[in-house]
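Got the viewer open? Let's take a walk through this one together, one selection at a time.

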Amino acid sequence: MGPYMLEEFVADQYVVLTRNPYYYAYDLRGVQLPYYDRRVIHIVVDHDLALLKFLNSELDAFDPSPSDLPVLASRAAVRGFTVEADSALPMYGSAWICFNQDFGLAEGLDEDKRSLYRDLRFRQAFAHLVDREAMIGALFHGLAVPQWSPLSIGSPYYAEREGYGGPLSAERRTPYPYDLTRAAELLDGMGIIDRNRDGWRDYPDGSRVDLTISTVGGLSDYEGQCLILVDRARRVGLHLEYAPADANTLLAQLFTGTFDMAAIGFTGSADPNSLVGVYAPCGRLHFAHFSGCEEPTAAELDLLSLFEAGAATLDNDAAFSIYQRLQEEAAEDASFIYTVYPSFRYAYYNYVGNAKMANPNGTPTGENGFAVDFVFDRRLMP
Amino acid sequence: LVYYIARRLLWMVPLLLAVTFVSFLLVQWMPGDAFTRLEMNPDLSSATLDRFRSEYGLDRPLVAQYGCWLWGVVSRGDFGISVESGLPAFDALFLHGRLAWTLLVSSTTLVIIWLFALPIGVYSATHEHGVVDRFAGFVALVGMSVPGFLLGLVLLWLLVVVLRVGDYGLGVGGLFDNEFVGETWSWAKAGSVVWHLWPVWLVVGMGSFAGWMRQVRGNLLDVLRQPFMLTVRAKGIEERSAVWRHAVRHAANPLVSMMGMTLPFLVSGSLLASVVFNLPTVERAFWLAIQGQDPYVVLAGLVFFSVFLCVGNLLSDILLLALDPRMRGGT
């Protein structure tokens, strides 16, 4: 039994929870937990309204989006609340860019582009265009971290983590850092150069390289990442257009292999094998290269065997070593280029005691956020 | 009149059938379905997703889906099951007080629009080019130009950041202040509801108020210039009485038909207001169903709004018949 029991649920409005008198936990002074007798969780659809309700002192705690932070920070001292944002505690999940390596395959068209996406050098060149620092600064106000691997940063097997087993060796920790010169060199080496001096790179047959990257329209973080990519691609003469799409339209394109390039993300967990369906050649989410099910590449087979080996071992040290190699190889393959992921952040009024005991793996206002057993109201203290 | 109403009601049947079919096609033509987003969940297998689709009949041919749905509606009043909540689609849309709140918001907005639009429109017409007329014209222009959701957000921002109503214990959005959560109904709680609803009335009603007010003014100006008004005045009838008893009555006819047309606008206006102000209305449930591509809830909503529109038109026609004897010739 948890610390609270359901008292009332009013659809579309709120949930009222009352203290469980039979809860097992006590604090060090022998006081039964939780401290609060009652919790109200407001059901608010519109995030802007939730922000205003927090500013209006109607909510004790709130999980802000990155774009809310300047608004909150400028009012925190006056209104008496605290904004916590810990860039060392990114949440579970991943954000990535991927190429459709089967582009035009079904119709027998666009072989040039398909070859381009299947060429490791091109994917590596594109990986060098990802300006993670600019994304973190411009889109997340510094409250995000670079991501290099298919594992969630919160996973104990994430190879960049300081501590157990990590980090990656110095020469491997940033496989493809932002480097326009290196990107240009790789493209030049492939023969993708500006042949007609119009400022844009062309295929060997003289036609311009036209790429399109899509994400879900309205997801400002992803839209911003796409726009930064468009700009960086332009700097090396690569013609990249951004095309926002409806969520289901984009997903339909992904699953039918009709997209060009996509920027989106997965939810994540501590399980290092949660993305095996993305990398396995016959995986349901292997939309980067569905034809790999019939003709898998060496890299695909290698990654699949590493996923399987990691799941099969009970030796934690061996598992960490396997997943470290898997992450290095996945990063090197660059079928999916991981970008940046937001850090854990939350805001609460200063009268909420023990608010810093928040759990980074949930939202602060949800059950997994604050350690709800321990939060208390300072105004009621003698 | 009874024959006329019966005929109109009968005409609504094929009309609603056509609406359901077109609505069904629209829902089907939306990219993906209710389970498409789950495809991105690495923990769900294709077999699980196929089973979900099969359980909700989404794997069947289009005509079979429509036929089953229509038969369920006609034979049992069953609008299907909500994919999101697992509840019957009708319940997911209308129960939990949603229909009552929708009717309350729409009807009170309609009354408030009339209460303000009619006297201001009449005053503007009888004081043409005066200060009030010019100011009312400006307000009408703004009211018709500013989108409702923007007006709603600006109002909320003004209340919270500029006026800081929170310092006085007043909330924004939702139905009432925090202190009334879980409390039984009282005058204080009803007062809190009024406080939370006035911005909604303003946002939902602003566009219609502006249109009606200008319509009243325009119609009345036309009527005031007609020869019979000269006769009325020549008989020595007081100006106020001449305007309200004779001119306004003639000018009101087109407004009655406008009232019927306003009902769907109120619903569409309160759709955005319900989201911005977090109201537990049918419109909000409908909006969330569209977002989640919950097919049967969307269909139930489209049928409801179509009925709302048809009933609104019928009511305005009946009122017009009652008010204007000249209209009865064609019934």
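## A greasy start on chain B

Begin with helix H7 of chain B, residues 148–162: with six residues, this helix gives the most to a nonpolar patch. To see the whole patch, select Phe149(B), Leu150(B), Val154(B), Trp157(B), Leu158(B), Val162(B), Leu163(B) and Leu272(B), which sit on the surface. Together they have about 690 Å² of accessible area. If you'd like one residue to center on, try Val154(B), which is in helix H7 of chain B. Keep in mind as you look around that this is a predicted model.

## Where the chains meet

Now color the two chains separately and look at where they touch. How many residues are in contact on each side? Chain A brings 40 residues and chain B brings 44. The size of an interface is often given as the accessible area lost when the parts come together. Here chain A and chain B bury about 3400 Å² between them, and 56% of that is on carbon and sulfur atoms. Next, select Asp12(A), Asn248(A) and Arg284(A): these supply 20% of the area that chain A buries against chain B, more than any other three residues.

Stay on Asp12(A) and add Arg98(B). The two form a salt bridge, and their closest N and O atoms are 2.6 Å apart. Across the interface of chain A and chain B there are two salt bridges. Polar contacts are there to browse too, with 14 residue pairs between the chains.

Which elements of chain A should you highlight on this side? Those giving two or more residues are strands E2 (14–19), E3 (38–42) and E10 (261–266), along with helices H1 (47–55), H3 (76–79) and H9 (247–255). H9(A) has the largest share, six residues. Try coloring by class as well: the side of chain A that touches chain B has 22 nonpolar, seven polar and 11 charged residues.

## Two backbone stops on chain A

Last, show the backbone. Most residues other than glycine have a negative phi, and most peptide bonds are trans. Your next two selections go the other way.

- Pick Leu33(A) and Pro34(A): a cis peptide bond joins them, with omega about -5°. Pro34(A) lies in the loop between E2 and E3 of chain A.
- Then jump to Arg197(A), in the loop between helix H7 (180–189) and strand E8 (210–216) of chain A. Its phi is near 55°, a positive value in a residue other than glycine.

Terms used
Residues numbered from 1 in each chain as written. Chains lettered and ligands numbered in written order. Predicted model: local features only at pLDDT ≥ 70, side-chain atom pairs only at ≥ 80, totals over all residues. Heavy atoms only, no water. Contact = heavy atoms within 4.5 Å. Buried area = accessible area lost by both parts, 1.4 Å probe. Salt bridge = Lys/Arg side-chain N within 4 Å of Asp/Glu carboxyl O. Polar contact = N/O pair within 3.5 Å; in protein donor to acceptor, adjacent residues only side chain to side chain. Helix = DSSP H or I, 4+ residues; strand = E, 2+ residues; numbered from the N terminus. Nonpolar A, V, L, I, M, F, W, Y, C, P; charged D, E, K, R; others polar. Patch = residues over 30% accessible without salt bridge, like charges linked within 9 Å, V, L, I, M, F, W, Y side chains within 5 Å. Areas by Shrake-Rupley, 256 points an atom, 1.4 Å probe, with all protein chains shown as cover.
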